[in-house]
Amino acid sequence: MILTITFNAGKQKSPIICIGGANIDKKLYTKNEIVKKTSNPVIGSSRTVGGVARNIAENLGRLGEEVILLSARGNDSDWLDIYQASSPFMNLDHVIKIDDLSTGSYTAVIDKNGDLSLALADMKVFDYISPALLLKNINILLMAKCIIVDLNCPSETIDFLGIFTAEHQIPLIIIPVSSKKMSALPKKMNAVSWLIVNKDETETYFNVKINDRKDWEHSVKMWLGLGVKNVIVTNGSKGIITGVANGEIQHFPSIETPIVADVTGAGDSFCSGVIYSWLQKQEFECVIKSGLVNAHKTIMSKYTVRQELSQTQFKLDMEEFSNEKIY
């Protein structure tokens, strides 16, 4: 399949295109032990705007990048909440409306110990993030500085983007969403500039167990063997291991975070910091540390995307880290 399309961008800007989920995240906190098949009292609830592609888009928008979100949504109040929270930081004009479906939502039931008991994901609307939708927006894709896609999208959309970005030499960044969605990845990934994936997702994709540092490093080499140019395998508090096409494997420890407000959004903020600094053509070590710093600061915030984030604040955060004053 060859996608030879010509387009004269002229002097138009080159936006970052984020493709994937924009949804409402809901949490219910139960008071007692959960009893099945009956009503369970809750002691509180929360409701936030989320979605991997949307979260990354907001981070990058707050950092001063021009960002366009391609997604799908329902015709409901949930979308109005997403629009209100997101529109200051990204262009939402190309989000498709599906009248007979709900805007994406994720509802988690948290037990009295703080652990996830049950999660319900209503993500059917994202099936409409199809190659047809991308072809409808081909002109903005051709202008892209880079394309970021999450695995809320159907596998055929990921395949399309691999072919399209290779043909037009546009950097492609893939961000998995969960272990269950790893099957959407293509078998060959020579078009992928960056893959940022966690330990569990890596274990699922390769059907292996990562038990120690040697296994962890080997998993990075396995990703590189599929053609990925730059790969990061994250492993929570143990940090990350990176690999690049020339074969160099490096470990970076996580930043100790004594005050944890909420870990929600930490992975998306890490990805955003990496992408931002990479687009700024920073040295590789700075690129990785940018992700670690943004994740660290986000974990200390109660927000999925920290509200104080800006170009100026991020520069100060990086200076803090360089001077070993970060906390």
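Helix 5 (residues 155-168) comes out at the length one would hope for: at 1.5 Å a residue its 14 residues should span 20 Å, and the end C-alpha atoms are indeed 20 Å apart. The expected span here is 1.5 Å times one less than the number of residues in the helix, and helices (H or I, at least four residues) and strands (E, at least two) are DSSP runs, numbered from the N terminus. All of this comes from a predicted model, in which local features need pLDDT of at least 70 and side-chain atom pairs count only at pLDDT 80 or more, while totals for chains, interfaces and linings use all residues. Residues are numbered from 1 along each chain as its sequence is written, and side-chain values use heavy atoms, with hydrogens and water left out.

The buried side of helix 5 consists of T157, I158, F160, L161, G162, F164 and T165, where buried means under 20% relative accessible area, exposed over 50%, and partly exposed in between (1.4 Å probe, protein chains only). These buried residues pack against strand 1 (16-19), helix 3 (131-136), helix 4 (138-142), strand 9 (146-150) and strand 10 (172-175). Contact, for this purpose, means heavy atoms within 4.5 Å. Just after helix 5 sits Q169, with a positive phi near 55°. On the other side, P154 occupies the loop between strand 9 and helix 5. P154 counts as buried because its relative accessible area is 13%. Leaving aside neighbours within four places in sequence, P154 is in contact with F126, D127 and I129. The C-alpha atoms of P154 and T204 are 18 Å apart, with their positions 50 residues apart along the chain.

Next, the nonpolar cores, each a set of buried Ala, Val, Leu, Ile, Met, Phe, Trp, Tyr and Cys residues joined through side-chain atoms within 4.5 Å. The largest has 47 residues, and those touching the most other members are I19, L141, I147, I174, L185, L195 and W223. Beyond four places in sequence, I19 is in contact with A53, L70, I129, L134, L141, I147, I148, V149, D150, C153 and L161. A second, separate core holds 42 residues, including V49, V67, V95 and I275.

Two more helices deserve a look. Helix 9 (residues 284-299) runs for 16 residues and covers 23 Å from first C-alpha to last, close to the 22 Å expected at 1.5 Å a residue. Helix 9 is mostly covered, with 12 of its 16 residues buried; among them are V287, I288, L292, V293, H296 and K297. S219, meanwhile, belongs to helix 7 (residues 213-225). S219 is buried because its relative accessibility is 1%. Apart from neighbours within four places in sequence, S219 is in contact with T202, F206, I210 and V233.

As for open space, the second largest pocket offers about 240 Å³. On a 1 Å grid over the protein atoms alone, a pocket is an open set of points where a 1.4 Å probe fits, with protein on both sides within 12 Å along at least five of seven lines; lining residues have an atom within 4 Å of a point. Grid points are joined across faces, edges and corners, and the volume is the space filled by probe spheres set on the points. The lining is made up of T48, V49, R54, E58, R62, A85, F89, K302, Y303, T304, V305 and Q307. Strand 3 (42-50) and helix 1 (52-62) are the elements that give two or more residues to this lining, and helix 1 has the largest share, 3 residues. By class, the lining has 5 nonpolar, 3 polar and 4 charged residues; Ala, Val, Leu, Ile, Met, Phe, Trp, Tyr, Cys and Pro count as nonpolar, Asp, Glu, Lys and Arg as charged, and the others, Gly among them, as polar.

One of the lining residues, Q307, is found in the loop between helix 9 and helix 10. Q307 counts as partly exposed because its relative accessibility is 39%. Not counting residues up to four places away in sequence, Q307 touches E58 and R62. E308 is in the loop between helix 9 and helix 10 (311-322) too, and is partly exposed at 40% relative accessibility.

Finally, some backbone oddities. Most residues other than glycine have a negative phi. K37, in the loop between strand 2 (23-30) and strand 3, has a positive phi near 60° and is exposed at 89% relative accessibility. K281, in the loop between helix 8 (266-279) and helix 9, has a positive phi near 60° and is exposed, with a relative accessible area of 74%.
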